There are 2 protein chains.
Amino acid sequence: MSDPPRSPDGRRGELDLIRRIRERAGSADLAAGIAISIGDDAAALVPPPGEQLLVTTDVLVEGRHFILAGNSVRAGNSALAGNPHDDGSPQTCASGFDVGWKTLAVSISDIAAMGGRAAWAVLGVALPDGREDAFADALLDGVLACAAEFGVRLVGGDLSGSPGAVFTHATVFGSARSEHVVARTGARPGDALCVTGSLGGSGARRHLRPIPRQVEALTLVQGGVPHAMIDLSDGLSTDLLHLLDASGVGARIDADRIPRHPDAAAAARADGTSALRHALDDGEDFELLFAVSPERATALEADGLAGTPVTRIGSVTTERGAWLVDSDDHASALERGGHEHFRGA
Amino acid sequence: MSDPPRSPDGRRGELDLIRRIRERAGSADLAAGIAISIGDDAAALVPPPGEQLLVTTDVLVEGRHFILAGNSVRAGNSALAGNPHDDGSPQTCASGFDVGWKTLAVSISDIAAMGGRAAWAVLGVALPDGREDAFADALLDGVLACAAEFGVRLVGGDLSGSPGAVFTHATVFGSARSEHVVARTGARPGDALCVTGSLGGSGARRHLRPIPRQVEALTLVQGGVPHAMIDLSDGLSTDLLHLLDASGVGARIDADRIPRHPDAAAAARADGTSALRHALDDGEDFELLFAVSPERATALEADGLAGTPVTRIGSVTTERGAWLVDSDDHASALERGGHEHFRGA
């Protein structure tokens with residue numbers, strides 16, 4: 001499709017950027033399944049025979065998923081506005097590198113949560129005038145660094161001007177043997193519910209450089225396919241309910257066992273709530289939540305996954321709904337505290 | 001990934017929209033190669049065995065690729081600003097349906113230009129407050145109408161708020177037998193250069209409802225794979241040079257043979273240039289330009305492709321560069337007059 005011309009300077013910057021992307025993204029490479037890469041109407045790829053293709057897309061919008069230093073697009077009425085750290089300081093503002101990294105990482109996390117290995121990505125970027133040069137290069141650095149880290153090849157994209165905010169999207173696709181694909185729908189009563197890593201407070205800084213749990217997910221699947229899995233993008237309370245609803249089951253969650261990230265405690269100190277609340281409701285942890293047999297959970301708690309701790313936080317029940325059980329054995333209904341999006345709802 | 005909450009009304013509109021998308025896009029359907037559709041972390045698809053996977057993505061930005069009635073985001077310094085019809089009248093403003101249709105159609109056109117059949121799409125949409133309801137439904141209508149028309153299934157997406165402009169993207173996946181995949185790189189000296197349909201003036205209105213030449217491309221490939229092909233998204237002059245550069249050849253184009261759309265003449269009357277200039281340089285015709293043997297070109301001119309006329313406009317030469325030859329046999333160098341984008345440059 002067309003990309004209408006902009007101011008002469010913006011236009012030149014855009015053409016230079018296209019050239020730099022092509023040079024850095026690499027060309028056809030049959031060993032990586034790439035018959036035709038950037039530079040034609042579409043990429044032509046060779047998926048692994050007999051595997052299912054896993055596809056996901058995410059959109060990032062300035063002022064909603066990140067804020068940029070020195071820019072007029074502020075958090076407004078987004079979740080970031082509720083972040084006590086959203087003070088516009090350099091520490092909490094995203095760099096171009098952060099935006100690029102995050103654009104790709106959030107979708108790689110989705111592929112991982114399906115039990116797949118991310119392989120390829122296409123990228124879309126809309127940049128306002130003045131962001132074509134240093135910012136765009138940093139963004140590309142972030143995309144390519146994340147791609148290299150997780151074995152993903154950039155095979156296409158589209159670039160546009162923007163009347164204001166920076167918008168990015170990545171569509172990431174990978175594959176898995178069909179018997180290794182993990183949906184949200186298979187959790188069974190009696191299953192243990194486990195999470196990787198620790199939760200909460202990612203809005204302070206961590207959300208800008210998410211680390212998709214791809215190695216952990218692949219290790220998990222190799223050792224036996226979990227009954228259901230989801231990545232924690234919208235917050236544990238929300239994503240747990242997604243998984244339970246999809247599986248037609250409920251759960252009891254042991255509040256004391258929810259692993260709280262140090263950032264959750266910091267966020268609680270800053271806003272006067274609790275670290276538990278942050279661990280439950282903050283989005284963008286990008287940890288894995290999955291359902292396995294109790295025996296498997298015990299082994300995973302002992303061994304971890306590829307060096308990442310695993311914590312059993314509760315059990316799947318026949319009765320629908322999710323209950324948060326405290327140390328006095330009081331149960332309260334767990335409600336969605338996080339965010340919604342198109343795929344997950 | 002997370003989609004931070006917005007104003008309560010916007011938020012409710014967003015959740016309703018997610019539900020409506022899921023209901024209308026359909027669910028898993030193995031006959032359509034869809035093992036898991038919208039509603040999990042990623043879609044799981046079953047590509048046709050032995051075929052290459054074709055992937056392309058496009059970004060549409062309000063004020064750059066379309067303007068909306070009653071909105072403050074105007075064409076600014078985009079190509080639309082040079083459109084004599086860009087008077088903000090209802091006739092030239094995009095409807096939500098137009099935006100949805102165009103978002104998908106421009107990528108289907110790219111798959112067609114590779115000789116492939118588009119099969120699946122994921123969609124990204126960022127909408128400012130107030131556009132979640134009627135506008136969003138109309139956009140979804142447009143996406144699904146285009147998808148149905150061209151046999152594409154919507155299998156995922158992401159929805160976000162936007163601080164101002166409407167942004168959309170689609171990533172479209174299709175496939176083709178590897179021997180049917182047509183790159184830009186195979187044009188040979190002596191080949192005839194042909195276009196489908198007629199060119200120019202699409203900015204007045206036609207660019208909002210592009211008709212990808214998928215049936216024509218598949219018909220062409222079935223009758224013998226062209227040596228090179230590209231879709232005319234950026235304008236004939238620009239896209240011709242893309243194809244020639246990729247193939248390492250040049251061309252002589254017969255100015256009188258370039259098929260001019262009636263809209264090109266109307267645009268010329270309005271801005272005092274020529275219909276030829278509009279046919280050469282206006283983007284978004286979404287016709288096909290391809291290189292075949294002279295004998296094949298003669299047959300295609302006689303028969304057309306699936307009811308669409310084919311016109312031989314020139315010949316491929318060993319000497320690099322493109323020359324436009326007029327009726328007095330004067331040749332002038334043809335230069336890029338259209339637009340650039342990430343994949344095509």
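1. Two strands are taken to pair if DSSP finds at least two bridges between them. In this predicted model, strand β9 (residues 250–254) of chain B meets that criterion with strand β12 (residues 321–325) of chain B: 5 bridges join them, and the two run parallel. Within this pair, D254(B) stands opposite V325(B) of β12(B).

2. β12(B) is also joined to strand β13 (residues 331–333) of chain B, here by 3 bridges and in antiparallel fashion. L324(B) faces S332(B) of β13(B) as its opposite residue. The two strands form a hairpin with 5 residues between them, and D329(B), in the turn, has a positive phi of about 65 degrees.

3. A further point concerns the sheet to which both chains contribute strands. This open sheet of 6 strands follows the order β5(A)-β4(A)-β6(A)-β3(A)-β2(B)-β1(B), and its pairing is mixed. Its edges are β5 (153–161) of chain A and β1 (34–36) of chain B, each of which pairs on one side only. On average, neighbouring strands of the sheet are turned by 20 degrees against each other, direction ignored.

4. Helix α3 (residues 134–150) of chain A packs on this sheet, where it touches β4 (117–127), β5 and β6 (167–177) of chain A. The direction of the helix makes about 170 degrees with that of β4(A).

5. Where do the two chains meet within the sheet? Strand β3 (residues 51–61) of chain A and strand β2 (residues 43–45) of chain B are joined by 3 bridges and run antiparallel. In this pairing, L53(A) has L45(B) of β2(B) as its bridge partner.

Note on methods: Residues numbered from 1 in each chain as written. Chains lettered and ligands numbered in written order. Predicted model: local features only at pLDDT ≥ 70, side-chain atom pairs only at ≥ 80, totals over all residues. Heavy atoms only, no water. Helix = DSSP H or I, 4+ residues; strand = E, 2+ residues; numbered from the N terminus. Axes fitted to C-alpha atoms, helices over the stretch in contact; angles between N-to-C directions. Contact = heavy atoms within 4.5 Å.
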